Amino acid sequence: MPNSRVLGVLISGRGSNLKAIIDAIAARRLDARIAVVISNRADAPGLEHARAAGIEALVLSHRDYPSREDYDRALIAELRSREVGLVCLAGFMRLLSPEFVDAFPDRILNIHPSLLPRYPGLHPQRQALDAGETESGATVHFVNKDLDAGPIVLQGRVPVVEGDTAETLAARILELEHRLYPEAIAAVCGQ
Ligand code: GRF
């Protein structure tokens, strides 16, 4: 049985949630180790957070593979070779193949900036505003074969305030995400 305290974090961009996980480990709020950070984009700013913390930062571009399945097989191999027991998606902007999900059963987490099951998919903050919601939040959930639909681990709420734009609401939610994700990982690791 792989050790769920050995993390593999997948990113595509900014990596502020990755940074929050790194900080939580450093502050001993989370007892885990990040074995590798993998980005599908070479220019992802988040890679710098990994490098600065002395964590292996690997770029695996989806453009180098003929199909999603081939790319995901390469991802699986990299994660397995480092004995990753828990895969944490942190702004990884790719759909995962069923094969990837099956390779890490109940061992993949994602964070999504809405109160799932409301507003899965893209631009959830805008969707919440357009629907006239008075609160929103963030959800950490297990990844299954349906988009943003796996079992919920942890959820937090923030208010929608007068004059909010998608950007101001996203910023409020992001602050919450940075507390929520490390906490959810700790819970999944039995801490
Ligand atoms: C976060 O809002 C996360 O919920 C969503 O993508 C964004 C990633 O931000 N899945 P960052 O790269 O962690 O800063």
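This dialogue walks through the ligand site, the pocket and two backbone features of a predicted model.

Visitor: Where do I start with the ligand? Which residues are around the ligand?

Guide: Start with the neighbours, and list what comes within 4 Å. Here they are Arg14, Gly15, Ser16, Asn17, Gly91, Ile111, His112, Pro113 and Glu177.

Visitor: How do the residues of that shell divide into nonpolar, polar and charged?

Guide: Sort them by residue class. The shell has 5 polar residues, 2 nonpolar and 2 charged.

Visitor: Which elements each supply at least two residues of the shell?

Guide: Match the shell to helices and strands. Two elements do so: helix α1, residues 16-26, and strand β5, residues 108-112.

Visitor: How do I read polar contacts with the ligand?

Guide: Look for pairs of N or O atoms within 3.5 Å. Take three residues in a row. The side chain of Arg14 has an N or O atom 2.6 Å from a ligand oxygen. Gly15 uses a backbone N or O atom, 2.8 Å from an oxygen of the ligand. With Ser16 the side chain is used again, and the distance to a ligand oxygen is 2.5 Å.

Visitor: What percentage of the ligand's accessible area does the protein cover?

Guide: Compare the ligand on its own with the ligand in place. Alone, the ligand has 370 Å² of accessible area, and the protein covers 85% of that.

Visitor: In which pocket does the ligand sit?

Guide: The ligand sits in the largest pocket. That pocket has a volume of about 1000 Å³. Its lining counts 38 residues, and those closest to the centre are Gly91, Phe92, Met93, Ile111 and His112.

Visitor: Which elements give two or more residues to that lining?

Guide: They are α1, β5, α5 (124-130) and α6 (166-188). Helix α6 gives the largest share, 5 residues. By class, the lining holds 18 nonpolar, 13 polar and 7 charged residues.

Visitor: Now the backbone. What should I look for?

Guide: Look for exceptions to the common pattern. Most peptide bonds are trans, and most residues other than glycine have a negative phi.

Visitor: Which residues does a cis peptide bond join?

Guide: Leu116 and Pro117, with an omega of about 10°. Find Pro117 in the loop between β5 and α5.

Visitor: Which residue has a positive phi although it is not a glycine?

Guide: Go to Glu83, where phi is about 55°. Glu83 lies in the loop between α3 (68-81) and β4 (86-89).

Terms used
Residues numbered from 1 in each chain as written. Predicted model: local features only at pLDDT ≥ 70, side-chain atom pairs only at ≥ 80, totals over all residues. Heavy atoms only, no water. Polar contact = N/O pair within 3.5 Å; in protein donor to acceptor, adjacent residues only side chain to side chain. Areas by Shrake-Rupley, 256 points an atom, 1.4 Å probe, with all protein chains shown as cover. 1 Å grid on protein atoms, 1.4 Å probe; cavity = no way out; pocket = protein on both sides within 12 Å on 5 of 7 lines; lining within 4 Å. Sits in = over half its atoms within 2 Å of the grid points. Helix = DSSP H or I, 4+ residues; strand = E, 2+ residues; numbered from the N terminus. Nonpolar A, V, L, I, M, F, W, Y, C, P; charged D, E, K, R; others polar. Points joined across faces, edges and corners; volume = space filled by probe spheres on them.
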